[in-house]
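Student: Please take a close look at the ligand site in this model. I would like one connected account of the contacts there and of what else belongs in the picture.

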Amino acid sequence: MREEFQAPRGFHDILGEDLRKFRYVTSTIRDILRRHNFEEIILPVVEYADLFERSIGETTDIVQKEMFVFEDRKGRRLALRPEGTAGAVRAYVQNRLFAQRTYHKVFYEGPMFRHERPQAGRYRQFHQIGVEVFGVAEPHADAEVIKVAHEIVETLKIKADIEINSIGCKVCRPAYREALVGYLNSVSEKLCSVCLDRKDRNPLRVLDCKVETCKEAVKEAPRVTDYLCEECRDHYSKLSEYLKALGVPYVENPHLVRGLDYYTRTVFEVVSPDLGSAIIAGGRYDYLVEEFGGPPTPALGFAAGIERIALLVDTPKEREPVYFVIPFGDVIPYALKVTDTIREKGKVAELSYRKGNLRKQLDFANKMGYRYAVIVGEDEMREGVVSLKDMETGEQVRVRPEDI
Ligand code: HAM
């Protein structure tokens, strides 16, 4: 196939077994969110580029190198959304949801776009289900949100570790930042060139660098949790208490900082040791609603990466039994009616469009894993019945279609 007719690098079709896993993951997560009473919102895939630049942060990888930015016909800069939080906050403010009630719990599902280097579990178009809670400052909301993430991996039987941290607020972060920059200056000869640049502009991100020498260099770095103000410390210790009450296992990772700038206080990641990366991640962003012109509204949430999670689940074995209707001779009107009758009863039926003898048709049904063959010949039509063959047991009976 000519290259220009293939999907662009990092973009994928999802089909067959992969799609079954994908749907299994999304329907499982949706069911968990339904029981937690989250309300769905559908957000645009395109927003003004500014929205992401302002919220995710000018110095982040996403904004500096990964956004798909383009101009519309009037020269306005638009972007394919790299994530869902900025759009959700924009929607919260624009639709004045804050005026309806004191807090809101919403979720969204859909494709996100980042121009990253593709590899297993990392794509340029990928899908997230994200949840956001607006209007709650108290840490029991953080505990419940992390509990949802825990429930997702538990229900899907995925091995993963929950890491949490608090990165403070406007009050306490400046002092930490200063201490961190001081430390980074003292080890600057060990930092990679990217981190040398980050060290002054966005020093927290150095803690997250994957380069070995940087990892080594930050081992002794000051810990943000040692610099938290009293309110942040209290918030973080209550979160720990509530997670224990909920039976959610977690580890504290004082170097967990996340790659987006809007976070305050709680940040967390659900990390898969098998993939070596986060499958679910999120945290608090208490200032973002206000920065977008809404009233001061503390908020938090997370996003689950569907493809990454789908890589870790087994395909659900149970599939709905399929009734494969095989017509023989001049029986098409009757076979059409039989197929419809089975569907009307809520079952899955397929009328065979194949030609060929019964043996071949049954072999095909077997190969496809269809549970029943519904054989419709001229004899059956005359008597108003079908021959129903159970492909697993081999048992065959004659029944009226409405009695299937
Ligand atoms: P994030 O950590 O950038 O957070 O992404 C969340 C999840 O999306 C990741 O843990 C991963 O599973 C998946 N993901 C990210 N990039 C890719 C990629 N290139 N290919 C495949 N999967 C990917 C956010 O997006 C925040 N909006 C989360 C949030 C919501 N924080 C508060 N509310």
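Tutor: A nitrogen atom of the ligand has a backbone N or O atom of tyrosine 123 at 2.9 Å. Taken by itself, the ligand would expose 660 Å², and the protein buries 96% of that area. The model is a predicted one, and the distances here are computed from it.

Two side chains also make polar contacts. In glutamate 83, a side-chain N or O atom is 2.5 Å from a nitrogen atom of the ligand. In arginine 114, a polar side-chain atom lies 2.8 Å from an oxygen atom of the ligand. The surroundings of the ligand comprise 26 residues. The closest of these are Glu83, Thr85, Glu116, Glu132 and Tyr263.

Glu83 also appears in the lining of the largest cavity, together with Leu43, Pro44, Glu47, Phe52, Arg81, Gly84 and Gly87. That lining divides into three nonpolar, two polar and three charged residues. The space inside the largest cavity is about 30 Å³, and the structure holds one cavity of 30 Å³ or more.

The cysteines can be treated separately. A search of the whole structure finds zero disulfides. Cysteine 192 is in no disulfide, and the nearest cysteine sulfur, in cysteine 214, is 3.6 Å away. Why does the sulfur of cysteine 214 form no bond with that of cysteine 192? The two sulfurs are 3.6 Å apart, and that is too far for a bond, because a disulfide needs the pair of sulfur atoms to be within 2.5 Å. Cysteine 192 counts as buried, at 14% relative accessibility. Cysteine 214 is buried too, with a relative accessible area of 0%.

To return to the ligand, its polar contacts include a backbone atom of tyrosine 123, a side-chain atom of glutamate 83 and a side-chain atom of arginine 114.

How values were computed:
Residues numbered from 1 in each chain as written. Predicted model: local features only at pLDDT ≥ 70, side-chain atom pairs only at ≥ 80, totals over all residues. Heavy atoms only, no water. 1 Å grid on protein atoms, 1.4 Å probe; cavity = no way out; pocket = protein on both sides within 12 Å on 5 of 7 lines; lining within 4 Å. Points joined across faces, edges and corners; volume = space filled by probe spheres on them. Nonpolar A, V, L, I, M, F, W, Y, C, P; charged D, E, K, R; others polar. Buried < 20%, exposed > 50% of the residue type's maximum accessible area, 1.4 Å probe, protein only. Near = heavy atom within 4 Å. Polar contact = N/O pair within 3.5 Å; in protein donor to acceptor, adjacent residues only side chain to side chain. Areas by Shrake-Rupley, 256 points an atom, 1.4 Å probe, with all protein chains shown as cover.
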